[in-house]
Amino acid sequence: MNHFSIQNIRTILNKHKDNKTPLLAVMEELQSYYGYLPREMLIMVSERLDVPLSQVHSVATFYHGFSLHPQGEHVIQACTGTACHVRGGIHVLDHLKTKLNIQAGETTSDLEYTLETINCLGACAVGPTVVTDGKYEGHMTTSKIDHLLEKIEQES
Amino acid sequence: MITLTINDKTIHTQVGRSILEVARDNAIWIPTLCYHEALKPYGGCRLCLVELETPRGSRVVSSCTFPAEDGMVVHTNTKTIQQSRQIVAQLLLARAGHVPFIRELAASVGVNDTPYTLPQDTCVLCARCVRACQEIVGMSAISIANRGSDRVVVPPFKISSADCIECTTCVLVCPTDAITLDDITDSSRTVHEWQSEYARGACRLCEYTLNGN
Amino acid sequence: MKKLDTPQELDAWRESCKNELDHDRLRLRVCDGTGCRALGSQHVLTALRQAVNGNNVEIMTTGCPGFCEQGPLVTVDPQQIAYQQVTTKHVHKIISDTLGKGEVISELLYVDPSNGQPVTTESELPYYKSQMRRVTDLNGQIDPHQIEHYIAHKGYMALSKALYDMSPDGIIEEVIRSQLRGRGGAGFPTGVKWKFCRQSPGDEKYVICNADEGNPGAFTDRSLLEANPHRIIEGMIIGARGIGATEGFIYIRSEYPLAIENLNIALNQAREHGLLGKNILGSGFDFNIQLRLGAGAFVCGEETALMASIEGKPGEPRPRPPFPAQEGLWGKPSNINNVKSWASIPSIIANGAEWFAGVGTEKSKGTAMFSMVGKINNPGVVEVPIGISLRELIFDAGGGIPDGKSFKAVQFGGPLGGCIPAQYLDTPIDYESLTDLGATMGSGGLVVADESTCMVDLARYFMNFTQEESCGQCIPCRWGTKVMLDILTRICNGQGEKGDIETLEQLANTVKTASLCGLGQAAPNPVLSSLRHFRDEYEAHVYDKRCPSKVCWK
């Protein structure tokens, strides 16, 4: 996990200085860099961009791409799009919940895994689709999930 | 000057006013909840819907946001409008049936009970407080967090906001008394919902004095 | 490379690009789209690169041609031998047998389910034969990272024509005459929309590409964005010229990382070559495009919510009027079109309105892209003339229903659309016919249901989706969809009560009439259309405590 530095946040803010309304773009970049948006960071963003903190908080809680809490080392996303649904994506998600012992949107207490549902990834023809740390896996089944989790364990 | 008809009544009025404003000036009743004269129209509660006759059939619009135009034919009380108002009122009753104002509002459109169940709350999310804080006071100390049915009005991170200037405008514009102002001691007051506590005294913006009013 | 200053320089460059792209060359085209990647195409690609190292074989990565189900796809040129479901273990055989000896590997060929015969070449695949690929013709044929490939295939020729041979009004007239209708779902005439924006007073105007394809189960925009981003960019520059806009935005959902990557590369290439930015092609016209990423909110596909999001706010729609053409982004006149609409523009300008309107129906011209998923043999993206029947789309291009099961219905337009049952299979697909049936063209996403799909469960699934995605600003959508979902969940759990169906129907009608924006107004469509066509399934759940498709319970 990256610890946030004021210097780095400044760099990110600077990158978007030509953007007329940079709030979302800045928050997206911070989210992808740090995995979450702590309050202190958002206060700084609010001050530097001269946007009321209440608006920053609205944006942070409106869009599901933002998290106010730290994410796990590995982020596992199960697609809940229609095609994945009709191909039994719900069983894949249920299996992930059981294996990791958390609900969707939660992080394991050891900060190893975050489980998320994600709206359609557009990989519909190969569903059910699961994304682990940005890597797409098609035609998922419960046994493939076991295999996938074992692989992550071994690699880390 | 433009001329329009509302419920078969011919009305002359100036350009640039909403259907709701024109109707009210002419004593035509349209129920509202999120509308407030001092705030920009929001179009959120959908109680003020009216039906327009257009060449391509009828069209349902919110009268608070839709400008009155020349030649317009407006109906405020059609069967469609009545039904949609009643269902909105039933949803409001499911949320805040314990609030006298909501019960009166529902009764005004002919609804006294509801077939629906929703988590109860005194706040009906009309956003009058949030808009007043932004548009009138200019502080934006509070805002809406989350989306959909999880919406809630809060100060940022649910912690007392440094932007709050204790003007209590939010308390004044709240239609359901969801925001309450209480005296803690003789010299201090609190707005419970925002966890802001402050000394009784003059408002820093308008010098309105809370003491002894 | 120096910036192109004249149309002649562009023509000269095209000639050299054409020579580079030698069609008789030995070449492996490997699909590198999202679908094939999820099936392991990148391992295949790495293995192929290692294996051909040093040989005179070109490896071209392409975007998604749409035939996702059979991926990873590898096509051998110049013979166009189409290999499907290629894995790393096939790599050496492809190199030694096909490239070395010119032999076809039969186990990698697609087998036509209708006659059991293997199909050797790309153009013979039944999947492509039933299509008319006008917007998608280059998908899978070119490398989206190489602007030279697009240029060689007449890329930016329409832009050159629009800048030098046409007036802004002439551009708009051409689009109006083509009768192109918005491919985002509503079907409003694109040219007329442009004209409103052009006529709006103001020096500062914006054009926006809506690439927030949030409809779960639709990926037509993704395939275009990944496979041929330059066509969308070219369409936007032409539109901006017509409208008089100086700045453009592409709002794309963050769930499409590959599309974002390809767009960024394409935008930079267009800028480097003087096709975007100041003084485009030396014409004096200035226009730039910026990318904006969504952050996970379906409602941002609604145009006023999308603009709020670009403005750095929560994606809450606002009532219209004022329309975006009058007061849009930052209060300035703005024009929003869908990815497919923008991508249709270059060929309309290059080939003329009559060419475009030469196919289609009386009121809906041109071709349309559809993505098909669910209980169908060939899930993927297709492009067909508007007006072909549902039967042709599902059974010819889509290859029919798998496992010998029977077709039950198709959900057209995703969570904001409706279902169409089997008795309407011969209905021509156009905007009006679909609306009459309680569905919508939507953004071209189809979900096919067979006898084992429960329509009540499907309606519940969609209602769960829209309920989670409602912004919550207006009461009917915020609480109405929640109550509807509660009722549907109860019905699907076998706890439906007498009166539930009627309450659901009444509520659905009001949410449709009274909601503030298009999301709320369309959210009840799956429920209303399934109640219209499959009411007996609801009744079986509520009164007989029986799920006819045995999905909700056995």
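# A guided tour, starting at A:Lys135

Select A:Lys135 to begin: with a relative accessibility of 41%, this residue counts as partly exposed. You are looking at a predicted model, so keep that in mind at every stop, because local features here are described only where pLDDT is at least 70.

**Stop 1: a pair in chain A**

Now add A:Glu137 to your selection. A:Lys135 and A:Glu137 form a salt bridge, and their closest N and O atoms are 3.0 Å apart. Is A:Glu137 buried or exposed? A:Glu137 is buried, at a relative accessible area of 16%. The cut-off for buried is under 20%.

Next, colour chain A by domain. The assignment gives domain 1 as residues 6-62 and domain 2 as residues 74-155. Between the C-alpha centres of these two domains of chain A the distance is 29 Å.

**Stop 2: where chain A meets chain C**

Show chains A and C together. How many residues of chain A are in contact with chain C? There are 34 on the chain A side, in contact with 52 residues of chain C. About 3300 Å² is buried between chain A and chain C, and carbon and sulfur atoms give 59% of that area. To see the residues of chain A that lose the most area to chain C, select A:Phe62, A:Tyr63 and A:Thr82; together they make up 18% of what that side buries.

Look next for polar partners. Between chain A and chain C, 19 residue pairs are in polar contact, with both residues at pLDDT 80 or more. Which elements should you highlight on the chain A side? Those giving two or more residues to the side that touches chain C are helix H2 (23-34), helix H4 (53-62), helix H5 (82-86) and strand E4 (135-137) of chain A. If you colour this side of chain A by class, you will find 16 nonpolar, 14 polar and four charged residues.

Two salt bridges cross the interface of chain A and chain C. For one of them, select A:Arg87 and C:Glu69, whose side chains meet at 3.3 Å, N to O.

**Stop 3: C:Pro379 and its surroundings**

Stay in this area and select C:Pro379. Apart from its neighbours within four places in sequence, C:Pro379 is in contact with residues that include A:Arg87, A:Ala125 and C:Glu69. In chain C, the loop between strand E11 (367-374) and strand E12 (380-385) holds C:Pro379. C:Pro379 is buried, with 0% relative accessibility. Add C:Phe67 as well: 312 residues separate it from C:Pro379 along the chain, yet their C-alpha atoms are separated by 7.1 Å.

**Stop 4: unusual backbone in chain C**

Most residues other than glycine have a negative phi, and most peptide bonds are trans. Here are some places to see exceptions.

- Select C:Gly71 and C:Pro72: the peptide bond from one to the other is cis, with omega near -10°. C:Pro72 lies in the loop between strand E2 (58-62) and strand E3 (74-77) of chain C.
- Select C:Arg320 and C:Pro321, which are joined by a cis peptide bond with omega of about 0°. C:Pro321 is found in the loop between helix H13 (303-310) and strand E10 (334-338) of chain C.
- Select C:Gln80, which is not a glycine but has a positive phi, near 60°. C:Gln80 is partly exposed, at 28% relative accessibility.
- Select C:Tyr156, another residue that is not a glycine and has a positive phi, about 65°. Its loop runs between helix H6 (147-152) and helix H7 (157-164) of chain C, and C:Tyr156 is buried at 0% relative accessible area.

**Stop 5: more salt bridges**

Over all chains, the structure holds 41 salt bridges. In chain B, select B:Arg95 and B:Asp121, whose side chains meet in a salt bridge at 4.0 Å, N to O. This pair links distant parts of the chain, 26 residues apart: B:Arg95 is in helix H2 (79-96), and B:Asp121 is in the loop between helix H3 (100-108) and helix H4 (128-136) of chain B. B:Arg95 is buried at 8% relative accessibility, whereas B:Asp121 is partly exposed at 34%.

For a pair within a single helix, go to helix H8 (168-178) of chain C, where C:Arg177 and C:Glu174 lie three residues apart, about one turn of the helix. Their side chains form a salt bridge (3.1 Å, N to O). C:Glu174 is buried, at 14% relative accessible area.

As a last selection, take C:Arg25, C:Arg27, C:Arg29, C:Glu58, C:Asp77 and C:Glu122, which salt bridges with shared partners join into one network.

Definitions and conventions:
Residues are numbered from 1 along each chain as its sequence is written. Chains are lettered from A and ligands numbered from 1 in the order in which they are written. Side-chain values use heavy atoms; hydrogens and water are left out. Contact means heavy atoms within 4.5 Å. Buried area is the accessible area (1.4 Å probe) that two parts lose on being put together, summed over both. A polar contact is a pair of N or O atoms within 3.5 Å; within protein, one must be able to donate a hydrogen and the other to accept it, and residues adjacent in sequence count only if both atoms are side-chain atoms. Helices (H or I, at least four residues) and strands (E, at least two) are DSSP runs, numbered from the N terminus. Ala, Val, Leu, Ile, Met, Phe, Trp, Tyr, Cys and Pro count as nonpolar, Asp, Glu, Lys and Arg as charged, and the others, Gly among them, as polar. Buried means under 20% relative accessible area, exposed over 50%, partly exposed in between (1.4 Å probe, protein chains only). Domain bounds come from an automatic or database domain assignment.
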